Amino acid sequence: MKGKNASYRRLRRIAASVVFSFSCFAAAQTSASRLLGPTGPGNVIVHSKFGGQIFGFDVDQNGTEGLLSEAGGSVNAAVETFDQKTGKILKVVIRTQSQDDFLTMGVLGKSLGLVEREHVISFLHLKRTFHTLNPLDSNKFTGVWTPPLGSTHIITAVDGSISRTQGAANVVAWAADVSQNFIPWVFESNVAENKFGPIVKITDSTNFGSVVSPIAFDTKTNQAVVGGGTGAFDTNPVIGLIDLTKGTFSEFTGVGLGFINGVAVDSADGIACTTTEDDASVEFYDLKSETGFTVVLPGSGGQQFLSGWDVEFDSIHKLFVVAQPNSSTGTGSSIYVYDTKGNVKNTLNGFSFPTPMRLALNPSKRTGWVDGPVNGEIQSFKY
C-alpha cells in the first residue's frame, strides 16, 4: 500500500510539474503576444489635410513623423507631415492653388524627407525640382537636391525610382530616358550633401528601356539591384546589377513570370526579394550566385490577378513584407510577411489598397503604413 501511495505521489508531482511548465510557457507566450500586440490592420488612419488623393508617402524609421503629398481636394496640391502614433497632420509644409504637383519620394538616410515638385510651364512642359526636409521633423523645406539629369532623363516618385534605404548615407536612383533613345541611367547620391556618383548607362533597352524598373540598394556590395524583362506573358524577368564602385552593369535571367512589380534587398545576407506580375509569386535570390527560387502567394494558385506588388525589408527582424492588392486569403487586400528563406511568417488580411501602391515600415516598432482604405488615406498596420 505504501508503494502504491508513493507511486501515486510521484505521478502527482510529475503532473503538477507538467502543468506548471505548460503554464509558464503559456504565460511567456501571452506576455510575448502582449508585447508585440495584435498583428494586422491598425486603427490609426492618416487623412490628407485637404481631402486630396495621396501621391507618395513614407515614415521616418528613426523618428516619430511621416511625410505625404496630396493633390485635389480644397487645394490643388500640398505637402504635409504627420504623427505616426496618432495619424494627425502636424504641419502643412507647402500648399498651392496653381497647376503644380508634389510627389513624396521618401524618407532617406537619417530622417531626411525628399519631395519632387512638378511646375507646369506649358502644356506637357514641366520643370521638376527636388526639395529636402532635413531633418524631417523641421517640418519645412531646408534645401534642394539637384541630380544631373539634363533634358533627356527624369526621375518619378510614383514609380519608386529611388531606393528607400534608411540609415545608409547614400541612395541609388533610376532615371528614365525620355529622349527616345531608351537608355536609362543609374547613379548613387548622398542626398543630404547633394553629391553624386558616376552615371551608369543601362544599354539593354530590350529588358530595361520600356518601363521604369523598380530599384533597391545593396549597401554592403555598393550595387543597385533593378528588375527588368520584356514583360511578355510566360517569360522570365531579368535582374540587373549595377556596380556603383566600378561603374559596370550586368544581368542574369530571373525566376517567376512577367514584369517585376517590387524589389527589396537584405544587404547583410546578399538576398533580394521580388514580386512578379503574371504568376502571383514571390522570388528570393542569392545575389552572389545569381540563383533564385519562387514561392507562390498563399491561396493564389499562381493566378495573375492575385499577384503581389510592393516589397519592403525589415532589417532588424530579417523579414520581407509583401503587398497583395487583390487578396487570395481574405477579402480586399492582404500583406504577407516572409523570412529570408521564403517561409510565410504572418498573413495580414482586411486591407483595401490600390495599384500602384507602396508600403512604409518602421522596423523598430514593427509597424507599417499602406495606401487606403480610400483615396486620401493611409492605414497603419502591425506585423
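This text leads the reader through two sheets, several aromatic contacts and one pocket of a predicted model.

In this predicted model, local features need pLDDT of at least 70 and side-chain atom pairs count only at pLDDT 80 or more, while totals for chains, interfaces and linings use all residues. Residues are numbered from 1 along each chain as its sequence is written, and side-chain values use heavy atoms, with hydrogens and water left out.

Strands of a sheet pair through backbone hydrogen bonds, either parallel or antiparallel. Here strands are DSSP runs (E, at least two residues) numbered from the N terminus, and two strands pair if DSSP finds at least two bridges between them.

One open sheet has four strands in the order β15-β16-β17-β18, with antiparallel pairing. Its edge strands are β15 (215-218) and β18, each of which pairs on one side only. Neighbouring strands of this sheet are turned by 25 degrees against each other on average, direction ignored; for such angles, axes are lines fitted to C-alpha atoms, and angles run from 0 to 180 degrees between N-to-C directions. Within the sheet, strand β17 (residues 238-243) pairs with β18 in the antiparallel sense over six bridges. Leu241 has Ser250 in β18 as its bridge partner, and Gly240 has Glu251 in β18. The hairpin of β17 and β18 has four residues between the strands, and Gly247 takes a positive phi near 75 degrees there.

A further open sheet of four strands runs in the order β19-β20-β21-β22, again with antiparallel pairing. Strands β19 (260-266) and β22 (291-296) stand at its edges with a single partner strand each, so one side of each is left without a neighbour in the sheet. The twist averages 20 degrees from one strand to the next. Strand β20 (residues 271-276) and strand β21 (residues 281-286) are paired in the antiparallel sense over five bridges, and Phe284 in β21 is the bridge partner of Cys273.

The aromatic side chains come next. Rings of Phe, Tyr and Trp (its six-membered ring) pair if their centres lie within 6.5 Å; planes under 30 degrees apart count as stacked, over 60 as edge-to-face and the rest as tilted. By this rule there are 14 aromatic pairs. The ring centres of Phe82 and Trp369 lie 5.7 Å apart and the planes stand at 65 degrees, so this pair is edge-to-face. It links distant parts of the chain, with Phe82 in strand β4 (residues 77-83) and Trp369 in strand β28 (residues 367-371), 287 residues apart. Both Phe82 and Trp369 are buried, that is, under 20% relative accessible area (1.4 Å probe, protein chains only).

Phe252 and Tyr285 have ring centres 5.8 Å apart and planes at 70 degrees, so they too are edge-to-face. Because Phe252 lies in strand β18 (residues 248-253) and Tyr285 in strand β21, the pair ties together parts that are 33 residues apart in sequence. Phe252 and Tyr285 are both buried. Phe284, Phe293, Phe313, Phe320 and Tyr338 form one aromatic cluster.

Last comes the second largest pocket, which holds about 420 Å³ of space. A pocket is an open set of points on a 1 Å grid over the protein atoms alone where a 1.4 Å probe fits, with protein on both sides within 12 Å along at least five of seven lines; lining residues have an atom within 4 Å of a point. The volume is the space filled by probe spheres set on the points, which are joined across faces, edges and corners. This pocket is lined by 26 residues, of which Ile54, Phe55, Gly56, Pro356 and Asp371 lie nearest its centre. Strand β2 (53-59) and strand β6 (101-108) each supply at least two lining residues, and the largest share, five residues, comes from β2.

Methods. Buried means under 20% relative accessible area, exposed over 50%, partly exposed in between (1.4 Å probe, protein chains only).
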